[in-house]
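Trainee: Please take me through one part of this model in detail, beginning with a single residue in a loop and then working towards the interior. I would like to see how the pieces connect.

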Amino acid sequence: MSAVVFALKAPSASEGKQAAYKLLHTVRARDGKVLAYVGRGLPRPAVAPALAPSEALRPRFTVYADLAGERPLCSVVRPVPDREGGALLVLAPDGRRSGTVRSGSPRRGRRTRHTITTGDGLRLVGREGTVASWAWFVLLSPLWLVVNLAWMIGNNGEGVWSLPSRTAWRGQPDRGFRLSAMKYSGISGRYKVRTPVLDLGTACAQAVLHREVAG
């Protein structure tokens with residue numbers, strides 16, 4: 001099963017000048033190749049007439065395949081009124097609904113949940129801090145505590161302690177062990193997407209929301 005690995009990166013000054021829209025992120029593969037761009041708002045009406053601004057849709061951002069804004073992959077909007085339980089709509093350039101994405105607000109004592117629903121109804125749920133990452137965290141916490149204390153001594157009391165943030169999006173209801181459709185590694189800051197299950201545009205949309213919540 002093929003997979004794509006990418007990370008959200010800040011655009012360069014040159015890319016910002018070339019973009020025909022307000023460029024927010026570049027989506028880069030592990031080798032540095034740009035896979036997509038994320039820009040604020042919707043595509044130009046001439047490019048995607050079906051996504052023309054309306055009172056029923058509050059635009060968030062669009063994932064593009066180019067800086068010229070001629071090849072949008074998908075757009076993310078908030079429906080007005082909200083009938084999606086807080087989820088944002090992912091729309092294809094022709095206006096067709098291709099899914100929803102949602103990232104919950106962090107709550108003390110609870111793992112933040114991120115949810116994707118694809119156009120064919122598959123529901124993928126990812127919770128920050130997988131079972132495996134928490135197990136390693138507990139096992140290595142004594143060593144990590146020593147490292148953190150040493151760091152604080154040498155950096156004016158500023159620690160580097162952080163909870164596990166690795167996230168794996170799996171199909172729900174979960175029927176036992178299965179490969180995740182999408183993963184996030186808190187160490188590398190990269191996302192791994194199994195493209196036969198999830199398209200790149202929707203994966204990028206969820207990655208942007210995930211980044212906004214995780215910081």
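Mentor: Pro81 lies in the loop between strand E5 (72-79) and strand E6 (88-91), and since this is a predicted model, what follows should be read as a description of computed coordinates. The peptide bond that joins Val80 to Pro81 is cis, with omega at about 0 degrees. As background, most peptide bonds are trans.

The strands on either side of that loop lead inwards. In the largest nonpolar core, which has 27 residues, Phe6, Val101 and Met182 touch the most other members. The elements that give two or more residues to this core include E5 and E6, together with E1, strand E3 (34-40), E4, strand E11 (182-185), E12 and H3. H3 makes the greatest contribution, with six residues. As a general matter, nonpolar side chains in soluble globular proteins tend to be buried together.

Val101 shows how these pieces meet. Setting aside neighbours within four places in sequence, Val101 is in contact with Val76, Ala87, Leu88, Val90, Thr115 and Ile116, and also with Thr202, Ala205, Gln206 and Leu209. Those last four, Thr202, Ala205, Gln206 and Leu209, are among the buried residues of H3, a group that also includes Gly201, Ala203, Cys204, Ala207, Val208 and His210. Helix H3 (residues 200-214) has 15 residues, which at 1.5 Å a residue should span 21 Å, and its end C-alpha atoms are 20 Å apart, so the two values agree. At the start of H3, a side-chain oxygen of Asp199 comes to within 3.1 Å of the backbone nitrogen of Gly201.

H3 also has a link to strand E2, where His25 is placed. His25 has a relative accessible area of 16% and therefore counts as buried, the cut-off being under 20%. Not counting residues up to four places away in sequence, His25 touches Val208 and Arg211, as well as Leu8, Lys9, Pro11, Tyr37 and Val38.

The aromatic rings give another view of the interior. Across the whole structure there are three aromatic pairs. Phe6, already named for its core contacts, is stacked with Tyr191, their ring centres being 5.4 Å apart and their planes at 20 degrees. That pair brings together distant parts of the chain, since Phe6 belongs to strand E1 (residues 4-9) and Tyr191 to strand E12 (residues 190-193), 185 residues apart. Phe6 is buried at 0% relative accessibility, and Tyr191, at 1%, is buried as well. The rings of Tyr21 and Tyr64 are stacked too, because their centres are 4.1 Å apart and their planes lie at 10 degrees. Tyr21 sits in the loop between helix H1 (13-18) and strand E2 (23-29), whereas Tyr64 is in strand E4 (residues 57-64), so that this pair joins parts of the chain 43 residues apart. Tyr21 is buried with a relative accessible area of 12%, and Tyr64 is buried at 2%. Ring pairs further link Phe6 and Tyr191 with Tyr184 into a cluster.

To set this in context, the protein chain has three helices and 12 strands, and 39% of its 215 residues count as buried. Among contacts between residues at least 6 apart in sequence, 44% join residues at least 24 apart.

Methods:
Residues numbered from 1 in each chain as written. Predicted model: local features only at pLDDT ≥ 70, side-chain atom pairs only at ≥ 80, totals over all residues. Heavy atoms only, no water. Phe/Tyr/Trp six-rings, centres within 6.5 Å; stacked < 30°, edge-to-face > 60°. Buried < 20%, exposed > 50% of the residue type's maximum accessible area, 1.4 Å probe, protein only. Expected span 1.5 Å × (residues − 1). Polar contact = N/O pair within 3.5 Å; in protein donor to acceptor, adjacent residues only side chain to side chain. Core = buried A, V, L, I, M, F, W, Y, C linked by side-chain atoms within 4.5 Å. Contact = heavy atoms within 4.5 Å.
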